Amino acid sequence: MSPSTLGTVTETRVISEILQRAADGGRITPEEALLLYTDAPLHPLGEAADAVRRRRYPDNVVTYLIDRNINYTNVCVTACKFCAFYRAPKHAEGWTHGTDEILRRCAEAVELGATQVMLQGGHHPEYGVEYYETMFGAVKAAFPQLAIHSIGPSEILHMAKVSGVSIEEAIRRIKAAGLDSIAGAGAEMLPDRPRKAIAPLKESGARWLEVMEVAHTLGVESTATMMMGTGETAAERIEHLRMIRDVQDRTKGFRAFIPWTYQAENNHLKGRTQATSLEYLRLIAVARLFFETVPHLQASWLTTGKDVGQVALHMGVDDLGSIMLEENVISSAGARHRSNLHELIELIRTADRIPAQRDTLYNRLAVHWTPEDDPTDERVVSHFSSIALPGGGAGRSLPLIDAK
Ligand code: SF4
């Protein structure tokens, strides 16, 4: 046996041992996660990740959500290079929505069975804590049944700066006004080098995590995301996971991890290599093995497509995310996949999983044990705006906002 063959045998044995330990629920190190990400054979990697999912959710249930992303403004001072959604202050295509428009959109969402709204927008130079208190307060008063899973650490840092208050005070006040949960948005890539390359004016990854840690300590849970495919290395992707896990070890406040792939249209990162489907699926599987402390793992069918989203259900994923009655940010950059209630349920069922509608906290609202249990509301479909609609589409009813 040649030395190189010996090396291969040894590496194969090491990878098998790590996969087995992780599949059994043991902790793996960042170095081991990187080895799995770059070198583990795809099928054993996926099987190990799915073994973890099965142990956590032995009834084979995979959840989905009905929610609406509502953007209150596209005006932003942060100018992230990958973002196709924002407009600089004073730009002719900039818009803001008043409370009436936001409530009108919430009402449409409730009518279609949504249990959550994701209120998100740019870093408007005038929006301090008071703006968010007013908005969340109005939504909560009108629709107490809607969970407000909204904004992210970037918005919190921005509003605290505009109002001249601490992160802690900003979070306490918006929580009191109605915020239920912080979205994991704005994580992009947390390590410094790739983050500065794509979002030089955004807060650091360490600050993003600091806000999340304060929020978790104050009893506001969140999710965590990752945008892959803007030129970061494999090691930087794993470092992103490590940074999140370190906070999770202290707070247990991240309910889910949601990686998604960068969309390349209409922004200033032209020419960047997007993450391939296999890179995405390998990352999904490694995340399931690495995050033994994060309960849920969500596939992003919006950016990767429904087929890849369905394959991810065999690589450790237990949640297919939302039908997204409205989404404008990622679709502005080229994500044109759409779905509907029937199709999302079919994707789960034909992947040999049991579909269930969940709420923001992952409580199961309805488990569709058999096709006879499936809901049939054909109005529950994705409505995207792939361009910045004039005035942000104000006053237009949901069915008129279309990917075309
Ligand atoms: S990603 Fe968010 S913070 Fe960055 S430019 Fe777009 S709207 Fe602004």
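**Close-up views of a predicted model**

**View 1. Glutamate 32 and its polar partners.** The side chain of glutamate 32 makes a polar contact with the side chain of arginine 21, at 2.7 Å. This is a predicted model. The glutamate 32 side chain also reaches a backbone atom: the nitrogen of threonine 29, at 2.9 Å. Glutamate 32 belongs to helix H2, which covers residues 30–39.

**View 2. The surroundings of glutamate 32.** Is glutamate 32 buried or exposed? Its relative accessible area is 18%, and the cut-off for buried is under 20%, so glutamate 32 counts as buried. Leaving aside residues up to four places away in sequence, glutamate 32 touches Ile18, Arg21 and Arg27. Arg21 is thus a neighbour in this list and also the partner in the 2.7 Å side-chain contact.

**View 3. The shell around the ligand.** Which residues surround the ligand? They are Cys76, Thr78, Ala79, Cys80, Phe82, Cys83, Tyr86, Gly122, His123 and Lys202. By class, the shell holds six nonpolar residues, three polar ones and one charged one.

**View 4. Histidine 97 in its loop.** Histidine 97 sits in the loop that lies between strand E2 (67–71) and helix H4 (99–111). Its relative accessibility is 5%, under the 20% limit, so histidine 97 is buried. Which residues does histidine 97 touch, not counting those up to four places away in sequence? The contacts are Asn71, Tyr72, Ile102, Arg105, Tyr131, Gly391, Gly392 and Ala394. Leucine 209 lies 112 residues from histidine 97 in sequence. In space, the two C-alpha atoms are 29 Å apart.

**View 5. Strand E2, covered on both faces.** How many of the five residues of E2 are buried? Five of the five are, and the strand is mostly covered. One side carries Asp67, Asn69 and Asn71. The other side carries Arg68 and Ile70. Residues on both sides are buried. Asn71, on the first-named side, is also among the contacts of histidine 97.

**View 6. E2 paired with E3.** Strand E3 spans residues 116–120 and runs parallel to E2. Five bridges join the two strands. Which residue of E3 is the bridge partner of asparagine 69? That partner is methionine 118. Asparagine 69 itself is one of the buried residues of E2.

**View 7. The β-α-β unit.** E2, H4 and E3 together make a β-α-β unit, and the unit is right-handed. The loop holding histidine 97 lies between E2 and H4.

How values were computed
Residues numbered from 1 in each chain as written. Predicted model: local features only at pLDDT ≥ 70, side-chain atom pairs only at ≥ 80, totals over all residues. Heavy atoms only, no water. Helix = DSSP H or I, 4+ residues; strand = E, 2+ residues; numbered from the N terminus. Buried < 20%, exposed > 50% of the residue type's maximum accessible area, 1.4 Å probe, protein only. Polar contact = N/O pair within 3.5 Å; in protein donor to acceptor, adjacent residues only side chain to side chain. Contact = heavy atoms within 4.5 Å. Near = heavy atom within 4 Å. Nonpolar A, V, L, I, M, F, W, Y, C, P; charged D, E, K, R; others polar. Pairing = 2+ DSSP bridges. Right-handed = clockwise from strand over helix to strand, strands pointing away.
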